[in-house]
Amino acid sequence: MTCWETTFMPVYSSLPHALAAALVDVLWFIEGSEDEQMDPDDAVKVLEGVAHVVSKLSSEQRSELIGLLGTMAEAESDSARREFLEGFPEDFGLLDDAV
């Protein structure tokens, strides 16, 4: 699926789900970008910035995001993107204090 594809726009059950999906789309793009598409130093800054923000979430918020990511992973048909979704909680520090 290409970024901002208009042929299929999923309906989200909540604003947090929609925002989590948008965040994953951006991070998925950054993770998959070649050096010619995005400066590697800038990519690291963005990824570290996201990890910092999610580290500040409450335990309840972390649990909610982890649940949303799990739901998204279960529905994902692309195996590489599903793997990215499944690894997201650990890769971005959500599991440190998650309940």
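Three aromatic pairs are present in the structure, which is a predicted model. In one of these pairs, Phe-84 and Phe-88 meet in an edge-to-face arrangement, with 6.2 Å from centre to centre and 85° between the planes. A pair of aromatic rings is described by the distance of the centres and the angle of the planes. The edge-to-face label applies here because the angle of 85° between the planes of Phe-84 and Phe-88 lies over the cut-off of 60 degrees. Both residues belong to helix 4, where they are four residues apart, about one turn of the helix. Phe-84 has a relative accessible area of 10% and is therefore buried, and Phe-88, at 1% relative accessibility, likewise counts as buried.

The ring pairs extend beyond these two residues, linking Trp-28, Phe-84, Phe-88 and Phe-92 into a cluster. Within this cluster, Phe-92 is located in the segment that follows helix 4, and its relative accessibility of 6% places Phe-92 among the buried residues. Across the sequence, Phe-92 is 44 residues from Glu-48, yet the C-alpha atoms of Phe-92 and Glu-48 are 8.2 Å apart in space. A comparable description can be given for Phe-84 in helix 4, whose C-alpha atom is separated by 9.6 Å from that of Leu-27, a residue 57 positions away along the chain.

The secondary structure into which these residues are set consists of four helices and zero strands, so that the order of elements from the N terminus reads α-α-α-α. Of the 99 residues in the chain, 27% are buried. One buried residue outside the aromatic cluster is Ala-20, which is found in helix 1 and has a relative accessibility of 5%. The C-alpha atoms of Ala-20 and Leu-65 are 7.2 Å apart in space, although the two residues are 45 positions apart in sequence. A further pair of residues separated along the chain is formed by His-17 and Glu-64, which are 47 residues apart and have C-alpha atoms separated by 9.4 Å. Glu-64 is part of helix 3, which spans residues 59-75, and with a relative accessible area of 43% Glu-64 is classed as partly exposed.

Charged side chains contribute two salt bridges to the structure. In one of them Asp-25 is joined to Arg-81, with the closest N and O atoms 2.5 Å apart. This contact links distant parts of the chain, since Asp-25 lies in helix 1 (residues 15-32) and Arg-81 in helix 4 (residues 79-91), 56 residues apart. The two partners fall into separate accessibility classes: Asp-25 is partly exposed, with a relative accessible area of 33%, whereas Arg-81 is buried, with a relative accessible area of 14%. Arg-81 also forms a salt bridge with Glu-76, for which the closest N and O atoms are 3.2 Å apart. Glu-76 has a relative accessibility of 18% and counts as buried, because the cut-off for this class is under 20% relative accessible area. Through their shared partner, the salt bridges join Asp-25, Glu-76 and Arg-81 into one network.

Acidic residues are also found together on the surface, where Glu-34, Asp-35, Glu-36, Asp-39, Asp-41 and Asp-42 gather in a patch of negative charge. One of the members of this patch, Asp-41, is located in helix 2, which comprises residues 40-55. The relative accessibility of Asp-41 is 54%, and Asp-41 is therefore classed as exposed, given that this class begins over 50% relative accessible area. The acidic residues described here thus differ in their setting, because Asp-41 is exposed at 54%, whereas Glu-76 is buried at 18%.

Methods. Residues numbered from 1 in each chain as written. Predicted model: local features only at pLDDT ≥ 70, side-chain atom pairs only at ≥ 80, totals over all residues. Heavy atoms only, no water. Patch = residues over 30% accessible without salt bridge, like charges linked within 9 Å, V, L, I, M, F, W, Y side chains within 5 Å. Areas by Shrake-Rupley, 256 points an atom, 1.4 Å probe, with all protein chains shown as cover. Salt bridge = Lys/Arg side-chain N within 4 Å of Asp/Glu carboxyl O. Lys, Arg positive; Asp, Glu negative; His and termini not counted. Charge placed at Lys NZ, Arg CZ, Asp CG, Glu CD. Helix = DSSP H or I, 4+ residues; strand = E, 2+ residues; numbered from the N terminus. Buried < 20%, exposed > 50% of the residue type's maximum accessible area, 1.4 Å probe, protein only. Phe/Tyr/Trp six-rings, centres within 6.5 Å; stacked < 30°, edge-to-face > 60°.
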